[in-house]
Amino acid sequence: MEINKGVIAKLRAEYGDAFYLLDSEQYQKNFLELRDTFRSIYPNFNIAYSYKTNYTPKFCKIVDQLGGYAEVVSEMEMEIALRCGVKHRRIIWNGPIKNPQKLEEFLVAGGTDNIDSLDELEIVKGIVERHPNTTIHLGIRCNYEVGDGVVSRFGFDVDSDDFKEVLNFVQNTPNVHFVNFQCHFAKRQIEYWPARAKGMVELIDRLGIIPERIDIGGGLFGKMADSLKAQFTTEIPCYMDYAKAAATVFADYFANKDVKPELLIEPGSAVVGDCMKFVGTVKTIKDVRGKKFATVLGSQKNISMSGVNPPMEVIAMGNEQAEYDNLDFVGFTCIEGDVLYRNFQGKLAKNDAIVISNCGSYSLVMKPPFILPNFPVLDICGEHTEVIKRGEVFDDLFHTFAF
């Protein structure tokens, strides 16, 4: 995806002065590379893509076309998957709260629910009882120590009576098909991944149960520019680092066993992080008591990165540039902390474009309806620009209000 003055000028003329650029080709490459890297160590492996990270339908459809699963955490995300043509049997529903009616429809249609609490178990029991002639597919979210210093709020303590209760239900209820154990630990550092895998292996070894699938969740760093990597205090792992840390544990454990369950991970950022860019326009440049500020049509809310300087390129659009030192790029919102990039040094002029990379994770899905509606999303990988999401307008945000 080559972005230059001519491309920016053409896109601005049709879509306005701020927009996202989606790279569907890179997304597909990332998905296949991550999948095949894990498969090189443990062949019966697949990816369940985390919709919450970026539920752009084009991304979700690519996952389904490549044989991956949809990992959703709400009835909204489940509906996205269904509208993208994903079959219920390829959807995994996690999350701490689920709408009982939607969950019933989902389970009766063949989806898999990973139970997160005893309260959810009671809801599931009612569904199972009301549909005695339907096979209900269930998993259990597991929680155990991985040494990351966090007591995760997700799942059942595997040493608790609560865990024993839900395990007894999914194993001994006639019309329940026990699909998998699942876990989710948020920290992405590579040192916690062996403990995550070993904890799951120890669980199935202790119980003497090998489920159809083993799902060890998400929490992986994705690909990023060197300038962004340098701002982290730890080294950023590559796909193979994660595969060696986790898949090797399962490959070794199941090496001499006849049954080799499907191993899943639930990445989001690892596949989508470098697949979107945000393009904004410099609207004003000013000096306030010796500090330089360039105000951009765009916001920190559009890139969902704080505390770091994102990978950024300035594209000169024709106005005479001046040299700046210690300039901050700030957003259009009336929030003092809306800073996209701090301490810029280089040439800049009003109307220049800034192109911020590595904003595929959480940026689009977490942009609030704050100050301005959100900007369009475009895919320019092919011969023609594809509008993935049109720019929002007033009525998109306010038609639910009573004026």
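Here are some questions and answers about this predicted model.

User: What should I know about the model and its numbering before I start?

Analyst: It's a predicted model, where local features need pLDDT of at least 70 and side-chain atom pairs count only at pLDDT 80 or more, while totals for chains, interfaces and linings use all residues. Side-chain values use heavy atoms, with hydrogens and water left out, and residues are numbered from 1 along each chain as its sequence is written.

User: How many helices and strands does the chain have?

Analyst: Both kinds of element are DSSP runs numbered from the N terminus: helices are H or I with at least four residues, strands are E with at least two. On that basis, the chain has 14 helices and 18 strands.

User: Which residues does the UniProt domain annotation cover?

Analyst: The unreviewed UniProt entry carries "domain: Orn/DAP/Arg decarboxylase 2 N-terminal". Its positions are in the numbering used here, the feature name is shortened, and an annotation may be inferred rather than shown by experiment. In the model that stretch is 40% helix and 18% strand, with its end C-alpha atoms 16 Å apart. The annotation covers residues 36-272.

User: What radius of gyration does the chain have, and what would a compact globule have?

Analyst: The radius is taken over C-alpha atoms, and the globule rule is 2.2 Å times the number of residues to the power 0.38. For 403 residues that rule gives a value near 22 Å, which agrees with the chain's 23 Å.

User: Is Ala270 buried or exposed?

Analyst: Ala270 sits in helix α11, residues 269-272. Buried means under 20% relative accessible area, exposed over 50%, and partly exposed in between, with a 1.4 Å probe and protein chains only. Since Ala270 has 1% relative accessibility, it counts as buried.

User: Which residues is Ala270 in contact with, leaving aside neighbours within four places in sequence?

Analyst: Contact here means heavy atoms within 4.5 Å. One partner, Leu34, is 236 residues away from Ala270 in sequence, yet their C-alpha atoms are 8.2 Å apart. The full list is Leu34, Leu220, Phe221, Gly222 and Tyr239.

User: Where is Arg289, and is it buried or exposed?

Analyst: Arg289 lies in the loop between β11 (276-288) and β12 (291-297). Its phi is positive, about 50°, although it is not a glycine. With 85% relative accessibility, Arg289 counts as exposed.

User: What is the phi of Ser304?

Analyst: Ser304 is in the loop between α12 (300-303) and β13 (312-315). At 31% relative accessibility, it counts as partly exposed. Ser304 is a residue other than glycine with a positive phi, near 50°.
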